Amino acid sequence: MSVMDIFETMEYGPAPEASSPALTWIKERQPFGLFINNQWVRPVSGQYLESVNPATGKSLAQVASGNSADIDAAVTAARRAFETWSQLTGHTRARYLYALARQIQKHARLLAVLESLDNGKSIRETRDLDIPLVARHFYYHAGWAQLMASELPGYQPVGVVGQIIPWNFPLLMLAWKIAPALAMGNTIVLKPARYTSLTALKFAEIVQEIGLPPGVVNIVTGEASRVGEALVRHPDVNKIAFTGSTDVGRSIRRATAGSSKKLSLELGGKSPFVVFDDADLDSVVEGVVDAIWFNQGQVCCAGSRLLIQENIEQLLIRKLQARMEKLRLGDPLDKAVDMGAIVSPVQLREIQRLVEQGVAEGAQKWQPSWACPTEGSFFPPTLFTHVSPASSIAQVEIFGPVVVAMSFRTPEEAVALANNTRYGLAASVWSDNINLALDIAPKIKAGSVWINCTNMFDASSGFGGYRESGFGREGGKEGLYEYVRPAWKTETVRPTAETILIAKDSTTEEEDEVSASDGTRFALPAIDRTPKLFIGGRQVRPDSGYSRDVYDVHGHRIGEVGEGNRKDIRNAVEAAHAARSWSAGTTHNRAQILYYIAENLASREDEFTRRIVQQTNRTYDDAFDEVQVTLSRLFSYAAWADKFEGIVHRPPMRGVVLAMPEPMGVIGVACPEPYPLLGFVSLVAPAIAMGNTVIVVPSHQSPLSATDCYQVFETSDLPSGVVNIVTGERDVLSQVLAEHDDVDAIWYFGSAEGSKHVEFASAGNMKRTWVSNGHERDWLDAVQGEGQEFLREATQMKNIWVPYGE
Ligand code: NDP
C-alpha cells in the first residue's frame, strides 16, 4: 500500500504501544499493598480486589482492599506528618512539588501505558494529555508553595485532607487534588477509584523516590463502602475533596454536615455545546469529537447536549455522521485509535440502558456502520436526533459516548436550552462572531465556558461547577482557597452569643433607663410599632398574621416583629429572583447605592446607636462604635464592588482564559446574634456588592436593628427585591431557605447544631453553604469581619476560554 493510498482510504494498520514494561512493573509488585507513612503495608482485612483491563476483560492486578482500620492508620500518619510539613517554608515545599513534577515526567511513558491498561482510555490521550497535565499541575503548584507566604498572607493550611477521586482521569484527578493540598501545607489520605488504582500506586513509588517525608501522602485503595465512607466520616480529617457522581456528592454533603470539615465537590454534568449558524462547521465537527468522544464520553464536562441553530442543523448532522464513520475505536494501546474501552461492564450496561431508554422515548439513534470489538467493554459513538428537551437522555448524565442533538432559533432560546439542566459544569459556544460568543458565555450557568474550543484544561485556570455540579474550584489561585483557612480560625467550638443570651437569667436587675458613658441617662424608646417583613421592596404583613415579642437582655419586652413562615420565605425568594437584573447592572451603580445606604444610615446614627443599646444593654459608646464600624464596612464593600475583579490567565495555548467572579445568585443569610446591626450589614453588604440578591433572617434576639434598616433601604435607591428581610424563628427559617431549590447559596452564622441542619438540608440542590459551626467571629475586627473571604463566598468563578489566531 502506498502512502497516497493510505491518505485516500485512511486505512492503516495497528501501531500498538508496548505494554511489557508496565506488565512487568505490575507483576513484580503485586499484590499491591496500601501506602501509609511511606511504607507498603498489607491491608488489615488481608483481602485484595482485582483490577481488570477493560479492553480485554482480563485480570490485570490485585490491589489491597482497605477498611476503616487502614484509614485510621493513614489519618494518624497524616496527622503526625502535618506537624512538620505545615511548618516547612514555602520554598521547601516548592522543592518537593518540583521534584514530583520532574519524576512524573521521567516516568511519563510507564504512567501513560499503565493508565491505558487500567482505565481503557487511548494511549494517545494518556500520553499527550493526562500525563503532561499531571506534570504541569505539580510544576504550577510548586510556584504557589513558593509564593504562599506573600500571596496568601493570613492563611494557614486546613490540616489533614481526605481526597476521593473517580476512575475517568485517575492520575490527573490525583494531581488536581494532591498538588494544591501539598502546596498549601496540608497532608493527605487519598482513596483512588476501585477500578483504577494503579497509577496512584505508581505515584506512591514516586513519593518514596523523591523522599517526601513519611505520612505526607497516604494512599488507601479499596471499596467505597469500606474506605471512602470511613474517610468521609473520620473525625480527625479536616477537609474532604471529592470528584464523582452527584448522588455520592450529595451523600457526602449530608455525612459531613455540622462536622466543621471543609468540603469541595466536583460532580456530574450535562454540558451544552452551542453552535450558531456563523460557526466554522468543520471546526465544530472536530469540536464535537473532542467534546463527547474524548475519553469515550466519560468526562464530567463532556459536551453531551449538542444545541444547533435550526438553519444549519441538517448540514451539521450530515457532516458529523460522515466524521463518525471515520472514527477509529479499538485497542487503547493502539496509537492510532480515537476511542478506547468503557471502564467496566457495569458502566457499559448503564450506557446501554440509557440508550435503550432514549430509543423507547422516541428519539432517533444513529451509530456508524462499523462494529466494535467483541472482547472487552466497548460502545460505539452514538448520536441522537429528534430529542425532546425533557426526555431522560437530554437530562440524565449518560457518562458515555452519546450525544443528543437539539435545535434552537435565537440566542435567547439557545441560552434557555443550555440552562435547562440541573447541572452547571461547563459549556462550549461556537460562533465566528466574538461579540455574540462573549455575550452568551456569561449567560450560561456553568463554571467553564469554552469559546470555539472544548475540554480545555490547565493548572492555571480554575475548574468546577455551578448548581448540582458541585462547588469549589480546582486549579488557579481560586483553587488554593479550598486548602487553606484564615489564620485566626481555630477549630475549638465555642458557644455562640445566642446560647449565652438564652442562658442568662431574665429575671435579673431591671432597668428602665440606660446610661451613656458620659453619665447621661436616657429613657428606652417606647414600644410604638411592629415592623412588618420587607419583601420585594415593600413592608408586608407576615402570612401567619402573628408577631413575636422582642426582649432585652433582662427579659423586658421592647418590641415586636413579624413571625415569618415558609410562605413568607417563598415570597421573598420569588422577590429576590425577580430582582436578578441587579447582577446585570454596573458595578459602579452598586457601589453608589452602598455609599448611599451608608449616608442615610449615618444621618440616623444616634437612633441606630440607641436601638443597639436597647437590645443589648451595652453602653452608648460601645453601641456607637458598632454603628461607626458598620458605616466603615459599607464603605469597604462600596469600594470592593468595582474592584473585586477577575484575572486573565495565560495557559500554554494561543489564547486567554478570562476568570470572572460571578454572583452566586440568590443567597439566604442567617445573621449572627452579637452586633445586631454590624452582623447584619457585614453579610448583606458583600453579598449585594457582588450582585447577589438576598433573603435575610436577622439576629434572633435583636432583630430590630435590621428592621430599622427598611427605611434606609427605601430611601437609598436600592431596587425592590435586592434585600428581603424575614424576621422570625431564625433556625426554622434558615432550614426553609436551605431546603429551597431556588436559593443558590446559604450563609448561616449561628449554633453548631443549626449549621449541621443547614448543611444537611442544602444537599437537595447542592447549594453552596457557608456556616459558622458555632464559632464566633469578632465582627468589629476588620480581619475577621470583612474582606475577600466574604467576597469569595458571594461569588463563583467562571473561566471563559478564548483562543485567538487563525
Ligand atoms: P462514584 O461517585 O460512585 O465514585 C467516585 C469515587 O467516590 C470513587 O472513588 C468511589 O469509590 C467513591 N465513592 C463512592 N461512593 C462513596 C461514598 N458513599 N463515600 C465515599 N466515597 C465514595 O462514581 P462511579 O464510579 O460509581 O460512577 C457512577 C457515575 O458517576 C458515572 O456514571 C457518572 O455519571 C458519574 N461520575 C462522574 C464523575 C465526574 O468526574 N464528575 C467521575 C466518575 C463518575 P469506588 O470506586 O470504590 O466505588
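## Second largest pocket

Helix α9 (224-233), strand β9 (239-243), helix α10 (246-256) and helix α13 each contribute at least two residues to the lining of the second largest pocket. Of these elements, α10 gives the most, with 6 residues. The model described here is a predicted one.

The volume of the second largest pocket is about 1,100 Å³. Its lining comprises 39 residues, and those nearest the centre are Trp-167, Phe-242, Gly-244, Ser-245 and Val-248. By residue class, the lining of this pocket consists of 20 nonpolar, 10 polar and 9 charged residues.

## Open sheet and helix α13

Helix α13, which supplies part of the pocket lining, belongs also to the surroundings of a sheet. This open sheet is built from 10 strands with mixed pairing, in the order β13-β14-β15-β12-β11-β16-β17-β33-β27-β26. Its edges are formed by β13 (364-366) and β26 (647-649), each of which pairs on one side only. On average, neighbouring strands of the sheet are turned by 20 degrees against each other, direction ignored. Helix α13 (residues 345-360) packs on the sheet and touches β13, β14 and β15. The direction of α13 makes about 25 degrees with that of β14.

Within the sheet, β14 (residues 382-385) and β15 (residues 402-408) run parallel and are joined by 3 bridges. Phe-384 has Val-404 in β15 as its bridge partner.

## Hairpin β3-β4

A further pairing is found between strand β3 (residues 48-53) and strand β4 (residues 58-64), which are antiparallel and share 6 bridges. Ser-51 stands opposite Ala-61 in β4. In a regular strand, side chains alternate between the two faces of the sheet.

The two strands β3 and β4 form a hairpin, with 4 residues between them. Gly-57 lies in the turn of this hairpin and has a positive phi of about 75 degrees.

## Overall dimensions

The chain contains 29 helices and 33 strands. Its radius of gyration is 28 Å, close to the 28 Å that the globule rule gives for 806 residues, so the chain is as compact as a globular protein of that length. Taken along the principal axes, the C-alpha atoms of the chain fill a box of roughly 105 × 60 × 45 Å.

Terms used:
Residues are numbered from 1 along each chain as its sequence is written. This is a predicted model: local features need pLDDT of at least 70, side-chain atom pairs count only at pLDDT 80 or more; totals for chains, interfaces and linings use all residues. Side-chain values use heavy atoms; hydrogens and water are left out. Two strands pair if DSSP finds at least two bridges between them. Axes are lines fitted to C-alpha atoms, for helices over the stretch in contact, and angles run from 0 to 180 degrees between N-to-C directions. Contact means heavy atoms within 4.5 Å. On a 1 Å grid over the protein atoms alone, a cavity is a set of points where a 1.4 Å probe fits but cannot get out, and a pocket is an open set with protein on both sides within 12 Å along at least five of seven lines; lining residues have an atom within 4 Å of a point. Grid points are joined across faces, edges and corners, and a volume is the space filled by probe spheres set on the points. Ala, Val, Leu, Ile, Met, Phe, Trp, Tyr, Cys and Pro count as nonpolar, Asp, Glu, Lys and Arg as charged, and the others, Gly among them, as polar. The radius of gyration is taken over C-alpha atoms; the globule rule is 2.2 Å times the number of residues to the power 0.38.
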